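Student: Please take me through the strand pairing of this model slowly, with the cut-offs behind each term. I would like one connected account.

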Amino acid sequence: TVAVSAPDPICQGESTSLQANGATAYEWSPSNGLSATGGEQVEAAPSMTTTFSVVGRDLNGCMAEATVTIVVNPLPIISVTPSTSICPKESILLT
């Protein structure tokens, strides 16, 4: 039995570790956003919410698959107004 734990949601531009267990060799997909496609632990930095699959094989060649979804939250859009010029020693209220 192959298992992989679901990480907490991340923000765009962040990464998280994915850890599989239950087998002796692992293959991850899709490769886009992963630090590697093989190994028990990989770093994932997807640009959008993505479901990754991991296939694990044991010493007998038997295999099983598990999936995990990484939720990627968008970054907030921040703006400051007003966009205006002021003279030295003057002040303005920014929102």
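Tutor: What follows begins with the chain as a whole, goes on to the strand pairing, and ends with the segment that comes after the strands. The model is predicted, so local features need pLDDT of at least 70 and side-chain atom pairs count only at pLDDT 80 or more, while totals for chains, interfaces and linings use all residues. Residues are numbered from 1 along each chain as its sequence is written, and side-chain values use heavy atoms, with hydrogens and water left out.

The protein chain has eight strands and zero helices, where strands (E, at least two residues) and helices (H or I, at least four) are DSSP runs numbered from the N terminus. Its radius of gyration is 22 Å, well over the 12 Å that the globule rule gives for 95 residues, so the chain is more spread out than a compact globule; the radius is taken over C-alpha atoms, and the rule is 2.2 Å times the number of residues to the power 0.38. Along the principal axes, the C-alpha atoms fill a box of roughly 75 × 15 × 15 Å. Of the 95 residues, 24% count as buried, a term that means under 20% relative accessible area, with exposed over 50% and partly exposed in between (1.4 Å probe, protein chains only).

Now to the pairing, for which DSSP has to find at least two bridges between two strands. Strand 6 (residues 50-57) and strand 7 (residues 63-70) are antiparallel partners over eight bridges, and Arg 57 has Met 63 of strand 7 as its bridge partner. These two strands form a hairpin with five residues between them, and in the turn Gly 61 has a positive phi of about 90°. Strand 4 also runs antiparallel to strand 6, joined to it by five bridges, among them the one that links Trp 28 to Val 54 in strand 6. Trp 28 lies with Tyr 26 on the covered face of strand 4 (residues 25-29), whereas Ala 25, Glu 27 and Ser 29 make up the uncovered face. Ser 29 is then joined to Pro 30 by a cis peptide bond, with omega about -5°, and Pro 30 is found in the loop between strand 4 and strand 5.

Strand 5 belongs to an open sheet of three strands in the order 1-3-5, with antiparallel pairing. The edges of that sheet are strand 1 (3-4) and strand 5 (41-44), each of which pairs on one side only. Two bridges join strand 1 to strand 3, and Ala 3 has Asn 21 in strand 3 as its bridge partner. Thr 16 lies in strand 3 (residues 16-21) and counts as buried because its relative accessibility is 13%. Leaving aside residues up to four places away in sequence, Thr 16 touches Pro 7, Ile 10, Val 42, Glu 43, Ala 44 and Ile 70, a contact being heavy atoms within 4.5 Å.

Beyond the pairing, the segment after strand 8 holds Lys 89, which has a positive phi of about 70° although it is not a glycine. Most residues other than glycine have a negative phi. Lys 89 is exposed, with a relative accessible area of 88%.
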